[in-house]
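Okay everyone, thanks for squeezing me in. I'd like to walk you through how some helices pack in this one, so let's get it up on the screen.

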Amino acid sequence: MPEPRTFRDHPVSFVRRSGRMSEGQERAWAELSPTYFFDVPRAVASTSVHPDARFVPAEEFGRDGRFVVEIGSGQGHAIVHAASTHPDTDFLAVEVFRAGLARTMLDADAAGVRNLRLVEANAPEVLDVLLPEAAADEVWIFFSDPWHKKKHTKRRMIRPGFGATAGRALRDGGLLRLATDWEDYALQMREVLDAAPEFERAFDGDWAERFDGRIMTAFERKGIEKGRDIRDLVYRRVARG
């Protein structure tokens, strides 16, 4: 009988950061995770999602409202700001960096945010497995790792096939919002999503206007200071057949 797998069949779009958390982050994890953290049942790896795992927004938030997912939430600056300014919308932060999740919980608690949940998981598996089909009104992917070395570009999240993954999680008419400071990756994103039958452009011209719901983070500011242009894209989920 074969041994069970302990690895994935496909490359993931991140390097797992397992550095130690500060005392404050450890305390935040212990005290705040019961409020904010959704413990994902695992499959073959520590950030995987078991095929039977489900995050049902109405059950988690106790209401049936607008639901937005941010992929790669980092330290949570964008999503905590969004959740605090849009209390009628529910938000899910997806991140694999545990210290970033702890910081997000600290900031969310300080802001009195309760319409936010966090998961520590591989993003495509969240979109393809964890969420019910058509659960999200919007999916945000801001400044995902560009994997700029040619030998690593296969690790990029937005690659052929991603349209079906994101399209599954979005309701008909829902929006996929993206931003990057890496031109080559922006061109790849646009090429992939222009070809995806699940999506149509929701912008005119070459690039979308900067999304005014995205606050300026230190990461975005750093890219600008280095002379890199920030490019936004937004696509609409077409109606299912």
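Let's start with α5 and α6, which are oblique to each other. This is a predicted model, by the way, so keep that in mind throughout. The angle between helix α5, residues 123–130, and helix α6, residues 162–169, is about 50°, and their axes are 8 Å apart. That angle falls outside the ranges for roughly parallel, antiparallel or perpendicular, so the pair gets called oblique. As for handedness, α5 passes α6 in a left-handed crossing.

Who actually touches whom? On the α5 side we've got Pro-124, Leu-127, Asp-128 and Val-129, and they meet Phe-162, Thr-165, Ala-166, Arg-168 and Ala-169 in α6. Sort the residues of that contact by class and you get six nonpolar, one polar and two charged.

Now stay on α5 for a second. Which of its residues are buried? They're Ala-123, Glu-125, Val-126, Leu-127 and Leu-130. Notice there's a glutamate, Glu-125, in that buried set. And what do the buried residues of α5 pack against? Besides α6, they pack against four strands: β1 (66–71), β2 (89–95), β3 (116–120) and β4 (136–142). Leu-127 turns up on both lists, as a buried residue and as one of those meeting α6.

Okay, second pair: α1 and α4. Here helix α1, residues 23–36, packs on helix α4, residues 98–110, at about 70°, with the axes 9 Å apart. That makes α1 roughly perpendicular to α4. The crossing is left-handed here too.

The residue list is a bit of a mouthful. From α1 you have Gly-24, Gln-25, Ala-28, Trp-29, Leu-32, Ser-33 and Tyr-36, and they meet Arg-98, Ala-99, Leu-101, Ala-102, Met-105, Leu-106, Ala-108 and Asp-109 in α4. By class, that contact has 10 nonpolar, three polar and two charged residues.

Let me zoom out to the whole chain. There are eight helices and seven strands in total. Along the principal axes, the C-alpha atoms fill a box of roughly 50 × 45 × 40 Å. The radius of gyration is 17 Å, which agrees with the value near 18 Å that a compact globule of 241 residues would have. Of those 241 residues, 49% count as buried.

One last number. Take the contacts with a separation of 6 or more: 78% of them are between residues 24 or more positions apart.

That's my bit, so over to you for questions.

Technical notes: Residues numbered from 1 in each chain as written. Predicted model: local features only at pLDDT ≥ 70, side-chain atom pairs only at ≥ 80, totals over all residues. Heavy atoms only, no water. Axes fitted to C-alpha atoms, helices over the stretch in contact; angles between N-to-C directions. Helix = DSSP H or I, 4+ residues; strand = E, 2+ residues; numbered from the N terminus. Parallel < 35°, antiparallel > 145°, perpendicular 65-115°, else oblique. Left-handed = near helix turned anticlockwise from the far one by under 90°. Contact = heavy atoms within 4.5 Å. Nonpolar A, V, L, I, M, F, W, Y, C, P; charged D, E, K, R; others polar. Rg over C-alpha atoms; globule rule 2.2 N^0.38 Å. Buried < 20%, exposed > 50% of the residue type's maximum accessible area, 1.4 Å probe, protein only.
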